[in-house]
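Student: Could you take me closely through one part of this model, the charged side chains and the contacts they make, and then place that part in its wider setting?

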Number of protein chains: 2
Amino acid sequence: MAEVETKEEYRDVLQSLLAILRAEDEDYEQIEDFLEEMHPQEIAHLLESLPSSDRQVVWEHVPADSEGEILVHLADDVRSAIMDRMDTDQLVAATESLDTDDLADLLPEMPRDIVQEILLSMEQQERERLRSVLSYSEDSAGGLMDLDMITVRADTNLDVVLRYLRRRGSIPESTDSLFVVDREGRFQGLLPLTVILTSDPEMSVAEVMEHDVIGIPVDMSARDVANLFERRDLITAPVIAEDGQLMGRITIDDVVDVIREEADHSLMSMAGLNEEEDMFAPVLTSTRRRSVWLAINLLTALLAAWVIGLFEATIEQLVALAVLMPVVASMGGIAGSQTLTLVIRGMALGKINPTNARTIFRKELGVGIWNGLIWAIVIASVAGFWFNSVKLSIIIAAAILINLIMAAISGAVIPLILKRMGGDPALSGSVILTTVTDVVGFFAFLGLATLFLI
Amino acid sequence: MAEVETKEEYRDVLQSLLAILRAEDEDYEQIEDFLEEMHPQEIAHLLESLPSSDRQVVWEHVPADSEGEILVHLADDVRSAIMDRMDTDQLVAATESLDTDDLADLLPEMPRDIVQEILLSMEQQERERLRSVLSYSEDSAGGLMDLDMITVRADTNLDVVLRYLRRRGSIPESTDSLFVVDREGRFQGLLPLTVILTSDPEMSVAEVMEHDVIGIPVDMSARDVANLFERRDLITAPVIAEDGQLMGRITIDDVVDVIREEADHSLMSMAGLNEEEDMFAPVLTSTRRRSVWLAINLLTALLAAWVIGLFEATIEQLVALAVLMPVVASMGGIAGSQTLTLVIRGMALGKINPTNARTIFRKELGVGIWNGLIWAIVIASVAGFWFNSVKLSIIIAAAILINLIMAAISGAVIPLILKRMGGDPALSGSVILTTVTDVVGFFAFLGLATLFLI
């Protein structure tokens with residue numbers, strides 16, 4: 001089988017695999033040949049792209065030694081469905097090949113008795129390392145770090161290091177540097193592999209090591225770690241305890257996952273979705289999950305309806321109001337969501353913070369006023385011609401202007417308030433915003449009409 | 001100054017910097033001290049977080065040797081504003097320290113005469129390398145690759161490689177492997193630095209090199225490259241021409257930028273924004289850009305208004321319809337945008353493709369039907385009690401069911417159609433979806449009311 005590189009090749013793999021699965025006599029050997037050639041992360045990706053019934057069939061033919069790594073890379077939902085069907089022995093076997101950090105990600109999702117069994121099957125030292133990783137939040141540097149690293153002393157000569165590496169015979173994956181520590185295990189600097197290769201072997205580690213190194217505090221948030229890696233083009237970085245002790249290292253592959261997940265999270269939660277959800281979850285499971293979001297939105301829609309209801313008598317006298325009112329609400333919603341998206345993204349990337357929030361606010365307010373004026377005139381003209389009423393066109397112009405200004409203010413302020421209250425701006429921001437623009441839009445338009453038209 | 005690591009520290013830097021800028025007697029030396037300690041990418045990030053007037057002041061105090069790299073990392077908008085104010089000498093000087101791939105990103109945005117000058121200032125070989133990178137699209141492997149790499153022959157012994165590296169004295173940044181090529185420059189395999197360090201120096205490159213390596217075709221799309229790096233945990237990968245020639249290498253830091261930009265693009269374009277836009281763009285510039293999106297949305301809002309207008313006579317007889325109709329449209333919009341977001345994201349990640357699109361469609365349709373039934377009953381009850389009419393409640397139930405089913409169908413089908421037509425699902429998907437759910441919602445509700453209520 002060819003390598004799976006592009007999306008097109010990947011689609012072909014999926015197609016051939018589905019053909020085998022759908023054939024009369026399922027040729028399991030062919031499936032195994034397929035999977036044999038694939039990287040665990042690719043198999044995880046493949047499993048996520050398969051309907052759940054096929055997924056179980058394919059899972060049974062996955063190479064046993066990849067099972068653990070595949071589980072680590074699956075979306076939460078898909079993983080737990082698969083783990084539910086594995087027995088204790090299978091689970092224990094799957095975890096055997098895993099790094100401590102990956103194992104620490106999986107354990108919290110396993111039944112307590114299986115976790116006990118896994119812990120018992122480990123060596124003392126390994127178990128203690130695992131406990132130390134488990135004690136940090138999954139979303140912190142401590143939760144991201146792995147413990148597979150090579151440390152050296154500053155007073156060693158490079159030729160000793162070289163001999164040691166040759167005796168060792170292998171170096172952990174994604175290693176670009178060795179870590180220099182003192183007798184007490186405190187971090188002192190980095191010894192890049194490139195430096196070992198290009199320096200005179202007679203020199204000491206102290207002479208060639210990099211001192212000016214970023215040590216990541218063990219409690220730094222995963223998001224900050226990702227921003228740091230991104231801004232400094234790091235490949236690995238040491239994780240340091242408060243007392244200077246070297247705790248572990250973070251590698252770029254785990255950071256890439258954080259970046260991807262975080263971006264997915266912003267996008268998905270703006271639609272009330274969870275990025276860990278299985279695309280092929282059973283219809284009823286998805287229905288139940290989505291209905292929470294629909295319920296919240298129904299409440300806001302009913303609030304808007306109630307506002308309209310206040311003006312029933314006005315609408316009865318001039319039905320044109322009912323025709324035009326969704327335009328007022330919708331323009332506000334669109335303009336507001338532009339400001340909201342900009343601010344949420346800026347906050348996530350750390351580009352908007354209390355220091356410059358005022359400038360952003362003033363700018364967005366300016367845009368709101370200008371766009372309010374422009375669209376007030378355009379919509380007033382359309383409405384005036386359509387319903388042949390100057391008064392109606394003045395009233396809708398005023399309502400549009402009011403709503404677009406309110407939309408800009410809300411779009412800029414809501415995420416800042418939510419953040420300060422400890423909420424997730426991406427999740428609830430858009431619901432709150434639409435509520436504001438609907439209620440203000442309907443109230444301004446129908447209210448002004450009641451005052452000046454009827 | 002301390003290292004800038006977390007968002008909090010970053011905010012502090014921004015705050016102190018603004019304090020200096022706002023002080024009576026601007027202390028430029030202090031600004032320079034600040035910037036001296038920062039990484040070019042961090043300065044770029046800082047500049048993007050500054051209002052444009054401050055940005056120019058800070059730019060003038062940026063370390064001259066970082067100017068080029070800072071420009072590379074700025075958002076398009078911010079960069080062109082800064083470059084507009086630089087004269088030819090400054091621009092030529094700024095580009096001098098850049099890698100070929102970074103230079104290739106900047107050149108297309110410079111005036112033609114400056115590009116000529118830069119090309120003339122380069123050595124022959126360098127100029128040809130640059131031309132070769134410029135001939136590839138920015139969004140392809142060829143556009144992402146850099147040419148800084150070390151190649152070795154398979155028949156060399158490792159100790160020769162070691163001596164060569166020591167003589168060379170330095171290794172290009174982000175190097176984790178040397179590239180093995182034959183006499184004609186065709187790619188043959190990788191020689192990881194870790195292998196050089198752990199193997200017996202008497203062995204030949206051929207004996208220890210990795211043969212089974214992913215070579216990236218020079219025309220692979222940047223998105224596919226990113227997915228490949230992500231799935232295989234790559235740090236660098238060779239770029240190969242069709243005839244097997246080694247063209248260059250792609251490193252993870254450039255791939256991380258692609259991943260970030262792509263995710264930003266999905267999020268921003270769903271609100272009709274451009275991810276390269278300057279947060280602090282002048283109010284009128286932003287107003288003009290955003291108004292395009294508002295114009296498109298006004299057309300769809302007017303379409304919806306026109307549908308309502310068809311039923312003016314009906315609404316005149318029963319104003320309750322005007323009160324309830326936004327609920328029908330809004331529930332459809334919300335449900336549809338959930339399906340839409342899921343499908344757009346799945347397509348971007350390569351998890352949804354023609355092979356499994358049908359399964360996704362059936363699932364989303366199922367969710368639409370179930371949620372349609374549930375919310376039809378809930379909303380019918382509310383409407384029935386509110387307006388004390390069984391007929392009205394039956395009609396709104398039917399309209400909700402119809403609209404939620406249409407929403408599911410549209411959410412799943414619109415992105416697939418847009419993709420096939422070569423459009424960007426993230427950009428136009430949500431407008432089209434809302435148009436459908438508004439029009440269908442109003443039409444179904446008011447139409448049914450006209451037929452059965454009046």
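**The salt bridges in detail**

Tutor: With a relative accessible area of 31%, B:Arg289 falls in the partly exposed class (buried is under 20%, exposed over 50%, partly exposed in between, with a 1.4 Å probe and protein chains only). The model is a predicted one, in which local features need pLDDT of at least 70 and side-chain atom pairs pLDDT 80 or more, while totals for chains, interfaces and linings use all residues; side-chain values rest on heavy atoms, without hydrogens or water. Residues are counted from 1 along each chain as its sequence is written, and chains are lettered from A, ligands numbered from 1, in the order written.

The partner of B:Arg289 is B:Asp77, with which B:Arg289 forms a salt bridge whose closest N and O atoms are 2.8 Å apart (a side-chain nitrogen of Lys or Arg within 4 Å of a carboxyl oxygen of Asp or Glu). Because B:Arg289 belongs to helix H17 (residues 283-310) of chain B and B:Asp77 to helix H6 (residues 76-84) of chain B, this pair ties together parts that are 212 residues apart in sequence (helices are DSSP runs of H or I with at least four residues, strands runs of E with at least two, numbered from the N terminus). Turning to chain A, salt bridges with shared partners link A:Asp76, A:Arg79 and A:Glu109 into one network.

Within that network, A:Arg79 and A:Asp76 are joined by a salt bridge in which the closest N and O atoms lie 2.8 Å apart. Both residues sit in helix H6 (residues 76-84) of chain A, and because they are three residues apart there, about one helical turn separates them. Because an α-helix has 3.6 residues a turn, residues three or four places apart point the same way. The two ends of the contact can be described separately: A:Arg79 is buried, at 5% relative accessibility, and A:Asp76 is partly exposed, at 31% relative accessible area.

Beside A:Asp76 in the sequence is the residue of another salt bridge, for the side chains of A:Asp77 and A:Arg289 meet at 2.8 Å, N to O. As A:Asp77 lies in helix H6 of chain A and A:Arg289 in helix H17 of chain A, the contact ties together parts that are 212 residues apart in sequence. A:Arg289 itself counts as partly exposed, with a relative accessibility of 32%. Over all chains, the structure holds 28 salt bridges, the pairs described here being among them.

For the wider setting, chain A is divided into domain 1 (7-137), domain 2 (151-269) and domain 3 (283-452), with bounds from an automatic or database domain assignment. Between domain 1 and domain 3 of chain A, the C-alpha centres are 46 Å apart.

In chain B there is also an open sheet of three strands, ordered S4-S5-S6, with mixed pairing (two strands pair if DSSP finds at least two bridges between them). Its edges are strand S4 (216-217) and strand S6 (246-251) of chain B, and because each of these has a single partner strand, one side of each is left without a neighbour in the sheet. Strand S5 (residues 236-240) of chain B pairs with S6(B) in the antiparallel sense over five bridges, and B:Pro238 has B:Arg249, in S6(B), as its bridge partner.
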